[in-house]
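Me: Hi! I have this model open and would love a quick walk through it. Can you help me get my bearings?

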Amino acid sequence: MEYIDNIPIYLQIKDILYRKIISNEYELGSQLPSVRQLAVQFSANSNTVQKALKEMTEENVIIPQRGKGNYVTEDVSIVSKLKDHIVTEMFDTTYDKLHSLNMNDKEITTSFNNYVKQREQDHE
Amino acid sequence: MSRVLEINHLKYKKNNKLILDDINLELDHGKIVGLLGANGVGKTTLMRLIAGVNAKTAGKIKVSGIESKAAIKSCVSMTYSIESLKDNQIGKNNRIKVKDIVKFYLDIYPDFSLEKYQEIAKYLDIDSDEKLMDLSTGSGEKLVIALTLSRQVALYLLDEPLNGIDIMTRKKIIKSIIQWKSDESTIIISSHYVTEIASLLDDVIILKDHKVYEVSSVEDIQNKSHLGIEAYYEQVYEGGTNDE
């Protein structure tokens, strides 16, 4: 597991888990691995994993069930909001960078559309 | 519940040379703590003092509220180098095998769990029929970790458990520490692979100039300094050149 060394690990673990939920690797309503299993998987301290899970619980993305571990919410709208949030975050960075190259919105849109077309062709 | 480790005004001199001075530390149960500091600053010495192997010059060391040196030995499990195992009475026999060392641990430590050892040994691919003298550095380190973690105690002291071994084995050892650490126990680990162990740590203790320079959570360091642990630790040493 490679971490960015100056950002708290629990935030990075939370981010990875959120991406797994959004990409449906962890399906709606499914049970998450135990804290210990996640800790080993992420090569991280159990307390750190606990902290990530606690915030995910507070954000209603996972629901702890007494003695049974943590379950992904069944509420589609929560996951969809999460997805919007992460996508916006990704676009924020890219948009700001493109703007700093002195590109206007129209150029950015055209450039992005071309990029997507190019990727589609590469894929074929 | 008492703290797992309390150190007050600890002082240690060797041949009249000051090694550690006025060390004060308090650690809670259930933590993994990194012990950082330059070579020769006294990390190993501090661990040996806590384990009751070296005798302190002054001050107090309490493990799980216990102060007697003999009693502390039953609450602390420290990594001893594979060389020290080889130098041990039993290890001097050239034909001695890994399984004989395991039996030796089982005999001398009532808290040694054979079941736990076998699980860890299986995970780390330790061959119990291999001769001690034939072990590579990596295999030796794996054996030392497995033996140390198989004792069921409140405090584990892992002194440079990743030295001289390849990256794949380092990662496996880190995972084995996470897998087999009981929730209540606390681990103090020293390593030069600071970035590699950063995700393992709750807190770090930085030793500098014979003293505890700082005790802080990894998260606080990241939040306050916007640096990784390794960069922060380097800064502490570089920034302090004036008083050396």
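**The sheet in chain B**

Reply: Happy to! In chain B, 3 strands make up an open sheet with the order β2-β1-β4, and their pairing is antiparallel. Do keep in mind that this is a predicted model.

Me: Which strands are at the edges?

Reply: Those are β2 (17-27) and β4 (58-63) of chain B, each of which pairs on one side only.

Me: And by how many degrees are neighbouring strands turned against each other?

Reply: On average by 25°, with direction ignored.

Me: How many bridges are there between β1 and β2 of chain B?

Reply: Strand β1 (residues 5-14) of chain B pairs with β2(B) over 7 bridges, in the antiparallel sense. If you want a spot to look at, Leu5(B) is opposite Leu27(B) in β2(B).

Me: Nice. Switching to chain A: what domains does the assignment give?

Reply: Chain A is assigned domain 1 (9-74) and domain 2 (77-122). Their C-alpha centres are 28 Å apart.

Me: How many residues does each domain bring to the contact between them?

Reply: Domain 1 of chain A brings 7 residues and domain 2 of chain A brings 5 residues. On the domain 1 side, 5 are nonpolar, 2 are polar and no charged residues take part.

Me: What about the contact between chains A and B, how many residues from each?

Reply: Chain A puts in 14 residues and chain B puts in 20 residues. On the chain A side, helix α2 (residues 35-41) gives the most, with 3 residues.

Me: And which classes of residue are on that chain A side?

Reply: The side of chain A that touches chain B has 8 nonpolar, 4 polar and 2 charged residues.

Methods. Residues are numbered from 1 along each chain as its sequence is written. Chains are lettered from A and ligands numbered from 1 in the order in which they are written. This is a predicted model: local features need pLDDT of at least 70, side-chain atom pairs count only at pLDDT 80 or more; totals for chains, interfaces and linings use all residues. Two residues are in contact if their C-beta atoms, placed from the backbone, lie within 7 Å. Helices (H or I, at least four residues) and strands (E, at least two) are DSSP runs, numbered from the N terminus. Ala, Val, Leu, Ile, Met, Phe, Trp, Tyr, Cys and Pro count as nonpolar, Asp, Glu, Lys and Arg as charged, and the others, Gly among them, as polar. Domain bounds come from an automatic or database domain assignment. Two strands pair if DSSP finds at least two bridges between them. Axes are lines fitted to C-alpha atoms, for helices over the stretch in contact, and angles run from 0 to 180 degrees between N-to-C directions.
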